[in-house]
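Please take a look at the sequence and the model below. We will walk through some backbone details, aromatic pairs and charged contacts together.

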Amino acid sequence: GSKHLTVALDGGVAAVMESFTAASGSWTSSQEHSGIKQEQETLNHLHSRLRMTMLYLFAQLRLRTLGRAGELLVLTSNNTDNILAGSWAKYGDTSADVNLIGCFTEKEIEKALLFWAKSKLDLPILNDIILSKVSKSSDRMLTCEELAVMRKLQTMEYCGPYSMFGRLMYLWRDTYSPQEVGDKVKAFFRWYNHQRLKMALTTHYYVIGNGPPDIDRPIFYSRTWSWQFTTIDRMVAEHGENEKQSKA
């Protein structure tokens, strides 16, 4: 019963890039591999932010074009797995007034919503959507299921790299070696360090005693996590030595 409109953005993208090129010269890179990747990411982010701009424009003006008063809320649907994977643009089309599914994982949405709606609302097309879904991860070595476990350890049990390593050594003891667990923990926190700024809205420059309270977590972390990662490496090595001695 919802109503849909199709809006072309190619002209807007071309106009923005034309303005940038006129002001700064060519925007293409001489670095073949990394340059092409960055250019593609730039265009993807531009599309996303133009979609967000258009969404808010329609939210403010659409009812007026229909002869009605008021404005609309802008909704988005970006689940926890996608947010964690970082495959989105800050202030892009994931920005909205309300994110309906931001607190749920992809698996939870499939189980709680899509499978239910397929039969209860008689929407068999949802089965094609379910089958076509491709899991994303922040790193090739991390699945969405593993990311969900690590996210819960971080947010619910307040685990940092070293304490998470200890918990996963127990939880994944029958699945991964200590070295593999350590590598996954490092990958998760390297990702977290890289994505943390995107997770936070525009923050203020903090001055003690002035302004609103500081956020719960900082937006910048050490890139190396030197103490934590070094300790994990030491524990992995000690575990290997203990195994050798027990076999001897």
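In this predicted model, Tyr158 sits in the loop that runs between helix H6 (144–156) and helix H7 (161–171). The backbone there deserves a look: Tyr158 has a positive phi, near 55°, and is a residue other than glycine. Most residues other than glycine have a negative phi. Is Tyr158 buried or exposed? With a relative accessible area of 67%, Tyr158 is exposed, because the cut-off for that class is over 50%.

A second residue of this kind is Trp225, whose phi is positive at about 45° although Trp225 is not a glycine. Trp225 belongs to the loop between helix H8 (178–199) and helix H9 (226–247). Its relative accessibility is 8%, so Trp225 counts as buried. A glycine also takes a positive phi: Gly25, just after H1, at about 95°. Helix H1 itself covers residues 10–24, which makes 15 residues. From its first C-alpha to its last, H1 reaches 21 Å, close to the 21 Å expected at 1.5 Å a residue.

**The overall picture**

Stepping back, the protein has 9 helices and 2 strands. Along the sequence they follow the pattern α-α-β-α-β-α-α-α-α-α-α. Of the 248 residues, 29% are buried. Which share of the contacts between residues at least 6 apart in sequence joins residues at least 24 apart? The share is 59%. The accessible surface of the protein comes to about 17,100 Å², and carbon and sulfur atoms account for 57% of that surface.

One feature of the surface is a nonpolar patch formed by Leu5, Val7, Leu57, Phe58 and Leu61. Together these residues have about 390 Å² of accessible area. Leu61 is part of helix H2 (residues 32–65), and at 37% relative accessibility Leu61 counts as partly exposed.

**Aromatic residues**

How many aromatic pairs does a search of the whole structure find? The search finds 8 aromatic pairs. In one of them, the rings of Phe188 and Trp191 have centres 5.3 Å apart and planes at 50°, so this pair is tilted. Both residues lie in helix H8, 3 residues apart, which is about one turn of the helix. Phe188 is buried, with a relative accessible area of 0%, and Trp191 is buried as well, with 7%.

The rings of Trp225 and Phe229 have their centres 6.5 Å apart and their planes at 25°, so that pair is stacked. Here we meet Trp225 again, the residue with the positive phi of about 45°. Phe229 is buried, with a relative accessible area of 7%. Phe188, Trp191, Trp225 and Phe229 are among the members of one aromatic cluster, which also includes Phe189 and Tyr192.

**Salt bridges**

The charged side chains offer another view of the fold. A search of the whole structure finds 5 salt bridges, including the ones in this table.

| Salt bridge | N to O distance |
|---|---|
| Asp93 and Arg51 | 2.4 Å |
| Lys186 and Asp233 | 2.5 Å |
| Arg234 and Glu238 | 3.8 Å |

Let us start with the salt bridge between Asp93 and Arg51. Asp93 lies in the loop between helix H3 (80–85) and strand E2 (98–99) and Arg51 in helix H2, so the pair ties together parts that are 42 residues apart in sequence. Asp93 is partly exposed, with a relative accessible area of 22%, and Arg51 counts as partly exposed at 34% relative accessibility.

Next comes the salt bridge of Lys186 with Asp233. This pair links distant parts of the chain, with Lys186 in helix H8 and Asp233 in helix H9, 47 residues apart. What is the burial class of Lys186? Lys186 is buried, with a relative accessible area of 10%, because buried means under 20%. Its partner Asp233 counts as partly exposed, at 37% relative accessibility.

Arg234 and Glu238, in turn, both lie in helix H9, 4 residues apart, about one turn of the helix. Arg234 is partly exposed, with a relative accessible area of 44%, and Glu238 counts as partly exposed at 38%.

Notes
Residues are numbered from 1 along each chain as its sequence is written. This is a predicted model: local features need pLDDT of at least 70, side-chain atom pairs count only at pLDDT 80 or more; totals for chains, interfaces and linings use all residues. Side-chain values use heavy atoms; hydrogens and water are left out. The expected span of a helix is 1.5 Å times one less than its number of residues. Buried means under 20% relative accessible area, exposed over 50%, partly exposed in between (1.4 Å probe, protein chains only). Contact means heavy atoms within 4.5 Å. Accessible areas come from the Shrake-Rupley method with a 1.4 Å probe; for residues, only the protein chains shown count as cover. Patches are made of residues with over 30% relative accessible area and no salt bridge: like charges are joined within 9 Å, nonpolar side chains (Val, Leu, Ile, Met, Phe, Trp, Tyr) within 5 Å. A salt bridge is a side-chain nitrogen of Lys or Arg within 4 Å of a carboxyl oxygen of Asp or Glu. Rings of Phe, Tyr and Trp (its six-membered ring) pair if their centres lie within 6.5 Å; planes under 30 degrees apart count as stacked, over 60 as edge-to-face and the rest as tilted.
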